[in-house]
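Good morning, colleagues. Please take a moment to look at the sequence and the model on the screen before I begin.

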Amino acid sequence: MTWGTELWDQFENLDKHTQWGIDFLERYSKFVKERLEIEQTYAKQLRNLVKKYCPKRSKDDEPRFSSCVSFYSILNELNDYAGQREVVAEEMGHKVYGELMRYSQDLKSERKQHLQEGRKAQQYLDQCWKQMDNSKKKFERECKEAEKSQINYDRLDNDINATKSEVEKAKSQLYLRTHSADESKNEYAAQLQNFNGEQWKHFNVAIPQIFKNLQDMDERRTVKLGETYRSFADVERRVVPIISKCLEGMVTAAKAVDQRKDSAIVVESFKSGFEPPGDYPFEDYSQNLSRTGSDNTISTPKNEGGVKPDPKHSISKTAKNKLWLFGKKPKSALAPSLEDFSHLPPEQRRKRLQARIDELSKELQKEVDQRDALNKMKDVYEKNPQMGDPQSLQPKISETMCNMEKLRSEIHKNENWLSEVEGKVSSRGDRRPSADVNHHAPHGRESPEGSYTDVPNQEHRSPPHQPDPRQAHQPDEFDDEFDDDDPLPVIGHCKALYSFNGQNEGTLLMKENEVLYIIEEDKGDGWTRARKQSGEEGYVPTSYVEIAMEKNSKGAVTYI
């Protein structure tokens, strides 16, 4: 069914209907706009809620309890969920609301054009009708005048008293009127034929085409509404998988709550490591009182054989100091933090020391990486002098090595404190690698700053006579010196001029061009105490090395 044939006479109603269709489209556009504003407000409120309950925290304030971790995981999932609501609002604004507003403007322009064409056709038809009607009225008037002239001529022609001139005049008037009536008749017939043709074209060609265009426009509007309804739902459907993952993440976080784990964390956080206090003995203050045999009191048994009371049951100052676990803390417990955390209970002290050792180890690894990078850069400069001066890197390398030695000293000191807490004896051999295993010994010789180079054509010089270690040090003396707990500080560096096998006990194996740390100068016996980068220590012949002693902390050195 088409509007052009079925609704040929309903131009005004079609005008109202198409206007209603555009109004409905704009009303739906307004609905979409309000919906996306709701989504935007909802997403903003969700993000503010997450921000309120998940503030920025320092590293020490990170949650450890599973219930807290799960809650923060839920907040993160909720934040992602809010992001999806923002996506929904953005897609609605772009693909639905914006598209509808553009389409509404196009419909208004198209409808206006079709209605103008219909009104023009109607105006032209009305104009043709007016021309036909005017010719009809003129023909009617001319016929009436001709009829009057006919009556007047017949009256004068039958009147015997009328003169001939009067009769001729009436006859001439009748002729003129009759001729005018014939012309009016012909004009009316032509206008009528023209109007009928235009009217047929109007109702069979022009109006059906205009109404068909209006029908097509209205149907496209309806289709567009259906598409936007579908787009409206598709926007929601596209975020459903991600929203489902967010909800699954919340369920997973809820399942991750472990009451036993949280209880264990509480124990780990607050366990002091102290032993519970023992029973308090009865203190008899009446032993110095004389008693008669008739007294029926129960006397306190005396210690037989001079056996001393069990120290567990004696009230001592140490035992009294432990009472603060269940009562008021003594002043010493409220003292400020100490470097070795000795103000903390044993278990808490152990954890803090272990955390510090881990942190220092990470810093030491950074310094090691920096040293290796500087050595590689220096090696590149030595091979390509145009790229830079190798000696310009020496101060930075020296500073890095000093930092490494300081960090090793700090780690060693904290390890001693940790061993003290754990009841273990700290020994140097447990922490340092054996001399038989060198983790930094690649093929080739080591350069003075730690980078390795292969120089096959380098001339090998004959080593000078090496002193006998027995003349200056005995093996026991070496062993005693290496049993110290604290490592000796680095006082300089040396570069091996020759290889040394280090077969005697207390001596140190070294390769030609290997760089070592100087920790003790030559005391006149021909031996210098050195340390490898792996931590292994021993004596090397002074004449076998080129020594650079540090004058100050800024890296200035003097070569011997």
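Cys128 is buried, with a relative accessible area of 3%. Please bear in mind throughout that we are looking at a predicted model. The cut-off for calling a residue buried is under 20% relative accessible area, so Cys128, at 3%, qualifies. Cys143, by contrast, is partly exposed, with a relative accessible area of 29%. How many disulfides does the structure hold? The count is 0.

Let me turn to the helices. In general, two packed helices are described by the angle between their axes and the distance between the axes. Here the pair in question is helix H2, residues 11-53, and helix H4, residues 164-255. Their axes come within 11 Å and cross at roughly 15°. Angles under 35 degrees count as roughly parallel, and H2 and H4 are therefore roughly parallel to each other. The crossing of H2 past H4 is left-handed. As to the residues of this contact between H2 and H4, 15 are nonpolar, 4 are polar and 5 are charged.

I move now to the strands. Strand S3 covers residues 492-496, and 4 of its 5 residues are buried. S3 pairs with strand S4, residues 515-520, in the antiparallel sense, over 4 bridges. Within that pairing, Gly492 has Ile518 of S4 as its bridge partner.

S4 also pairs with S5, again in the antiparallel sense, over 3 bridges. There, Tyr517 has Arg531 of S5 as its bridge partner. S4 and S5 form a hairpin with 6 residues between the strands, and in this hairpin Gly524 takes a positive phi near 100°.

Is strand S5 largely enclosed or largely open to the outside? S5, residues 527-531, is largely enclosed by the rest of the structure, because 5 of its 5 residues are buried. In a regular strand the side chains alternate between the two faces of the sheet. In S5, Trp527, Arg529 and Arg531 point one way, while Thr528 and Ala530 point the other way. Residues on either side of S5 are buried, the two arginines included.

Finally, S5 runs antiparallel to strand S6, residues 537-541, and 5 bridges join the two. One bridge partner in S6 is Tyr539, which pairs with Arg529. S5 and S6 also form a hairpin, with 5 residues between them. In its turn, Gly535 has a positive phi of about 105°.

Thank you for your attention.

Note on methods: Residues are numbered from 1 along each chain as its sequence is written. This is a predicted model: local features need pLDDT of at least 70, side-chain atom pairs count only at pLDDT 80 or more; totals for chains, interfaces and linings use all residues. Side-chain values use heavy atoms; hydrogens and water are left out. Buried means under 20% relative accessible area, exposed over 50%, partly exposed in between (1.4 Å probe, protein chains only). Two strands pair if DSSP finds at least two bridges between them. A disulfide is a pair of cysteine sulfur atoms within 2.5 Å. Axes are lines fitted to C-alpha atoms, for helices over the stretch in contact, and angles run from 0 to 180 degrees between N-to-C directions. Angles under 35 degrees count as roughly parallel, over 145 as roughly antiparallel, 65 to 115 as roughly perpendicular and the rest as oblique. A crossing is left-handed if the near helix is turned anticlockwise from the far one by less than a right angle, and right-handed if clockwise. Ala, Val, Leu, Ile, Met, Phe, Trp, Tyr, Cys and Pro count as nonpolar, Asp, Glu, Lys and Arg as charged, and the others, Gly among them, as polar.
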